[in-house]
Each structure stands twice: as structure tokens, then as C-alpha cells.
Amino acid sequence: MQYTTQKASVTLSQLAIVDVQTKLTVAMPVSDMQAVIKNCGILLQASNLLNVACIFTEQYPKGLGHTVPELSALVQHMQPVEKIAFSCVAEPKFNRQLTRDHSQVVLAGMEAHICILQTALDLLSKGKQVFVVEDAIISRNPANKANAIERMRNAGCVITNTESLVFEWLGVASGDAFKAISKLIR
């Protein structure tokens with residue numbers, strides 16, 4: 001599917017935070033994991049401020065634990081989509097929560113080369129425009145993340161970063177949301 005724009009729109013976007021779970025985070029490079037949690041938090045707070053629809057998932061929570069406290073505090077009003085499939089799209093509950101009138105899905109979370117990659121490819125096959133937030137995804141091995149990013153870019157995903165995305169959502173440098181989001185990224 002060809003899109004006329006490669007810019008994320010607050011009215012067209014839906015955010016998916018994938019599998020940022022306590023027992024899985026300990027296997028990741030520490031400083032990279034801290035940055036991913038911070039950036040996922042910024043994305044969640046911006047989505048709340050701008051009324052962007054959001055979904056978050058947990059891969060086999062009995063074994064991998066639940067969403068990290070820093071992020072679960074930001075999604076208290078929501079229930080996670082529990083899954084065992086690597087692609088979120090393989091989980092019917094995830095598909096039910098995909099908003100039909102939102103043609104863009106913004107992906108963040110872990111692991112880049114497994115769940116993010118498979119979800120991105122499946123969303124593309126469903127006709128969604130997929131934005132992957134590079135500084136909000138992680139893999140245990142940085143080479144696997146780099147490979148996943150290359151594959152997703154080649155498949156047609158828009159590879160972006162947290163600041164670019166939230167400022168595309170904002171569109172203008174005014175208002176309460178702009179002030180609040182500006183504080184988040186400092």
C-alpha cells in the first residue's frame with residue numbers, strides 16, 4: 001500500500017507498547033534498557049495527553065512477569081493483552097483493540113528482532129502504516145536490533161525516534177500539551 005505521507009498523525013495513530021516486562025528486562029543491556037523504558041514512558045504520556053489510542057502487551061506473563069512498574073503506572077486504566085505468539089497480530093484480543101479508523105500503528109518495546117519485527121510485518125500485511133520508534137525498542141544483542149531495523153525499513157516501516165514522533169503528533173509549538181511534552185523530553 002502506498003501512503004501519501006510518512007508523517008505520524010495524532011488522529012491516525014495508535015500506540016502499541018510490546019512486552020516491556022520485568023523478567024525480560026534483566027536480560028537486556030542495562031543503559032539501553034533504561035533509555036527504552038524512559039522513551040516508552042514519554043510515548044505513553046504523550047499519547048495520554050493527546051488522546052492517542054494505546055495498546056500494551058505482555059508475552060507469557062506467568063514466565064516473564066508483568067509490565068515494568070515505570071510503565072504500568074502510566075497504563076493503570078488499561079488491561080494488557082496477554083499473548084504467547086510472538087506477533088501481536090496473532091492474538092485476537094490485540095486485533096480487537098486495533099482501531100479501524102487509525103491507519104498508523106506506532107511500535108515500541110521488545111524484542112526488536114522477534115516480537116516487534118513479526119508484529120510490524122504482520123501489521124504491514126494488514127494494510128497498516130507502521131512507525132517503529134528506534135530509541136524505544138531493544139534486543140539483547142545490538143546486532144539483532146540493527147538487523148531487525150533494516151528488515152523493517154526495507155519492508156516499508158517508517159523508522160523514527162521518540163522526539164520526532166511526539167512532535168509530529170503535536171504539530172505546533174503551543175498549548176498545554178506542548179508545554180507538558182516539552183518537559184518530558186528535557
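The following questions and answers concern a predicted model and the reasons behind the terms applied to its sheet, its cysteines and its largest pocket.

Q: What makes Cys40 buried rather than exposed?
A: The relative accessible area of Cys40 is 0%. Buried means under 20%, and Cys40 is therefore called buried.

Q: Why is Cys54 called buried?
A: Cys54 has a relative accessible area of 15%. The cut-off for buried is under 20%, so Cys54 is placed in that class.

Q: How do you know how many disulfides the structure holds?
A: A disulfide requires two cysteine sulfur atoms within 2.5 Å. The structure holds zero disulfides. For Cys40, the nearest cysteine sulfur is that of Cys54, 9.8 Å away, so Cys40 does not meet the cut-off of 2.5 Å. Likewise, Cys54 is in no disulfide, with the sulfur of Cys40 as its nearest, at 9.8 Å.

Q: Why is strand E1 described as mostly covered?
A: Strand E1 spans residues 13-18, and six of its six residues are buried. Ser13, Leu15 and Ile17 point one way, while Gln14, Ala16 and Val18 point the other way, and all are buried. Buried means under 20% relative accessible area, so each of these residues lies under that cut-off.

Q: What makes E1 and E4 a pair of strands?
A: Two strands pair if at least two bridges are found between them. Six bridges join E1 to strand E4 (residues 104-110), so the condition is met. The two strands run parallel, and the bridge partner of Leu15 in E4 is Val106.

Q: How do you know that E1 also pairs with E2?
A: Five bridges connect E1 with strand E2 (residues 53-59), in the parallel sense. At least two are needed, so E1 and E2 count as paired. Ala16 stands opposite Ile55 in E2.

Q: What makes E3 a partner of E2?
A: Three bridges join these parallel strands, and the requirement is at least two, so they pair. Glu82 in E3 is the bridge partner of Glu58.

Q: Why are E3 and E6 called edge strands?
A: The open sheet has six strands in the order E3-E2-E1-E4-E5-E6, with parallel pairing. Strand E3 (81-83) and strand E6 (158-160) each pair on one side only.

Q: Which residues line the largest pocket, and how are they classed?
A: The lining consists of Asn95, Arg96, Leu98, Thr99, Arg100, Lys126 and Lys128. Lys and Arg count as charged, so Arg96, Arg100, Lys126 and Lys128 make up the four charged residues. The lining also has one nonpolar and two polar residues. The volume of this pocket is about 150 Å³.

Technical notes: Residues are numbered from 1 along each chain as its sequence is written. This is a predicted model: local features need pLDDT of at least 70, side-chain atom pairs count only at pLDDT 80 or more; totals for chains, interfaces and linings use all residues. Side-chain values use heavy atoms; hydrogens and water are left out. On a 1 Å grid over the protein atoms alone, a cavity is a set of points where a 1.4 Å probe fits but cannot get out, and a pocket is an open set with protein on both sides within 12 Å along at least five of seven lines; lining residues have an atom within 4 Å of a point. Grid points are joined across faces, edges and corners, and a volume is the space filled by probe spheres set on the points. Buried means under 20% relative accessible area, exposed over 50%, partly exposed in between (1.4 Å probe, protein chains only). Helices (H or I, at least four residues) and strands (E, at least two) are DSSP runs, numbered from the N terminus.
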